[in-house]
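Me: Please take a close look at one part of this structure, the largest pocket, and tell me which residues and elements make up its lining and how the main contributor is placed.

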Amino acid sequence: MWFFVVFISFFYVAGFGLLGYSLLSMKRSTAAAAWPTASGTIVSCDLETNSDSDGNTYEVKVTYKYSVGSREMTNDVLAFGYCASSGRKAHLEIFNKLKAANTLDVRYDPSDPQTSVLSYGFHRSIQFLLAFAVTWLLFVVGFTIIWWVASRGDQVLLQNLNIQ
């Protein structure tokens, strides 16, 4: 019993951690829609490919600079919650759009202008992570219920056996 509780707890912690991160990313990313913008320029932009035994993942790595007041700042956050995935086409479209830009709008947090993003909203990376976290937790809850049912005796069957 205790082994199962400790074992399954790791899966609950991971699931709620992913859920919390995806909800926080969604909150921050949608809040950035209301932030002021500054004109920015791209310092560097690359489409990174990472390969392993499961295949390739792609991610746009961008560095940009912008000015707020008299302060010039540099950042590398494309969007809150943005992450690598195997969908090369989607990342290539982002990369091509950024590479073609002469200038771009940088959204910055007015209370902390060093916090900035180039895009905002409930985008695909956040949607995927949220769906994954919910699916993970549903699986873990289902597994917990199956374990609980399997670990109990069958009192109904025993009570309804008519033995003479």
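Reply: In this predicted model, the largest pocket is lined by 20 residues, and those lying nearest its centre are Leu78, Ile94, Lys97, Leu118 and Ser119. The pocket has a volume of about 500 Å³, and its lining, sorted by class, consists of ten nonpolar, five polar and five charged residues. Three elements, α2 (88–99), β4 (104–109) and α3 (124–151), each supply at least two residues of that lining, but the largest share, six residues, comes from α2, and this helix therefore deserves a separate description, beginning with its geometry and the side it buries.

With twelve residues, α2 reaches 16 Å from its first C-alpha to its last, which is close to the 16 Å expected at 1.5 Å a residue. Its buried residues are His91, Phe95 and Leu98, and because they fall within an arc of 65° when seen down the axis of α2, they line one face of the helix. That arrangement can be read against a general rule: an α-helix has 3.6 residues a turn, so residues three or four places apart point the same way. The buried residues of α2 pack against β1 (37–52) and β2 (55–68), and also against β4 and α3, the two elements that, like α2, each supply at least two residues to the pocket lining. On the face of α2 turned away from this buried side are the exposed residues Lys89 and Lys97, and Lys97 is also one of the residues nearest the centre of the largest pocket.

Terms used
Residues numbered from 1 in each chain as written. Predicted model: local features only at pLDDT ≥ 70, side-chain atom pairs only at ≥ 80, totals over all residues. Heavy atoms only, no water. 1 Å grid on protein atoms, 1.4 Å probe; cavity = no way out; pocket = protein on both sides within 12 Å on 5 of 7 lines; lining within 4 Å. Points joined across faces, edges and corners; volume = space filled by probe spheres on them. Helix = DSSP H or I, 4+ residues; strand = E, 2+ residues; numbered from the N terminus. Nonpolar A, V, L, I, M, F, W, Y, C, P; charged D, E, K, R; others polar. Expected span 1.5 Å × (residues − 1). Buried < 20%, exposed > 50% of the residue type's maximum accessible area, 1.4 Å probe, protein only. Arc of directions from axis to C-beta. Contact = heavy atoms within 4.5 Å.
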